[in-house]
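Me: I am new to this structure and would like to go through it by question and answer. Please show it to me.

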Amino acid sequence: MPVPLDQASLFSGELPAETKPEEGLPVSANPPVERRARTPRRIAGVQPAEPSPDLLELAKSLPSHLWLGTSSWSFPGWSGLVWGGQYPDAKLSKEGLPAYSKHPLLQTVSLDRAFYRPLSVSQYAQYAAQVPDGFRFVVKAPSLVADAQVRSETGRGMTLNPAFLSPDLAIREFMEPALEGLGAKVGALVFQISPLPHQLLSRIPEVIEKIGIMLAALPCVTPRAPDGVVAIEVRDAAFLTATNAPLLARMLRQARATNPTTYCLGLHAKMPPIEDQLPLLRALWPGPLVCRWNLHRRHGAYGYEAARQTYEPFDRLVDPDLQTREALTRVIKGTTGEKLPAYITINNKAEGSAPLSVVELAKAVRMNSHQRQSPSA
């Protein structure tokens, strides 16, 4: 991919204060006027990287029901991959989304910030206004609803959260603002159930029942978001035991009476590898796919900071995870082959560079485009 030109570099050097008149032309009697070098006009806003023909062709080859993207977008190291120049992270955070959405493969993004504080209708609407019609957002429910604990600023659990899985709060603080603000650009609305405290880990069936009560109370998303999906992501492997997994699958199937509902593949070391999570998807087949590929397993369950130090500035693949990529490709093909939506977001900490992970995953999907397999493959 060509390195984008810095506009300022096209105008290096100073214009001379005086120039020699051409031969045969009269010299003005007036004293020469000092000339100032023109300052090149800078293009406002964040500019996208120019996509290569190969990248455009790759995007055209993908299934229409597949949305690929990353977790957030404010990374200066993506210069040349996503950005057409060098920009600080603060500018990218505020102004980078329109440029991000012009990347031919990046047609979704995870709004993780919604987990830490509920977003308003106007905030969602501002995001929606910055992207094209075909773009879809993956949005995390606020911790106010999805976390069983009230936590300190350091993330340490302090007390049980009395609002955990409250249907009223889920609707008022998450579903309605997202649907009203994003409209048809809603992709997946994800309830990430944070790690449970010890006293609830021994009562997983009760938690599953409570999740089901909440899901049954939610408004139907499809009138306002035809591609919308509700997904449950868990952060405790105890949900997937031989005893609890059937309960979780049955609850999610029942929730489909209200909304397209699925289990979100959470790919990181707190959970079993993708192969061990696929049986739950088989139990829900056919259904939509939501996957958040967050962290390479080599870093362990609490390895986000180690991964950041290893991979920053996130401009190359350091730890290609071929096994996860191949398994995910099979599930994507099975899902989109049935014309069901598939939303995949990838973190920089999965392989080293989220945009490059998206490219490699897209290539794998294209390579296997002649196959049609379900998650049971």
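Reply: The questions below concern the sheet of this predicted model and the helices beside it.

Me: In what order do the 8 strands close into a barrel?

Reply: The pairing in this barrel is parallel. On average, neighbouring strands of the sheet are turned by 25° against each other, direction ignored. The order of the strands is β1-β2-β3-β6-β7-β8-β9-β10.

Me: Which residue in β10 is the bridge partner of Trp-293?

Reply: Strand β9 covers residues 289-293, and β10 covers residues 342-346. The two run parallel and are joined by 5 bridges. The bridge partner of Trp-293 in β10 is Ile-346.

Me: Which strands does helix α13 touch as it packs on the sheet?

Reply: Helix α13 spans residues 322-337. Its direction makes about 160° with that of β9. The strands touched by α13 are β1, β8, β9 and β10.

Me: Are helices α7 and α9 parallel or oblique to each other?

Reply: Helix α7, residues 167-182, packs on the sheet and touches β3, β6 and β7. The axes of α7 and α9 come within 8 Å and cross at roughly 50°. An angle under 35 degrees would count as roughly parallel, and 65 to 115 as roughly perpendicular. The two helices are therefore oblique.

Me: How many nonpolar residues has the contact of α7 with α9?

Reply: From α7 the contact takes Pro-167, Ala-170 and Ile-171, and from α9 Ile-213, Met-214 and Ala-217. The contact has no polar and no charged residues. The number of nonpolar residues is 6.

Note on methods: Residues numbered from 1 in each chain as written. Predicted model: local features only at pLDDT ≥ 70, side-chain atom pairs only at ≥ 80, totals over all residues. Heavy atoms only, no water. Pairing = 2+ DSSP bridges. Helix = DSSP H or I, 4+ residues; strand = E, 2+ residues; numbered from the N terminus. Axes fitted to C-alpha atoms, helices over the stretch in contact; angles between N-to-C directions. Contact = heavy atoms within 4.5 Å. Parallel < 35°, antiparallel > 145°, perpendicular 65-115°, else oblique. Nonpolar A, V, L, I, M, F, W, Y, C, P; charged D, E, K, R; others polar.
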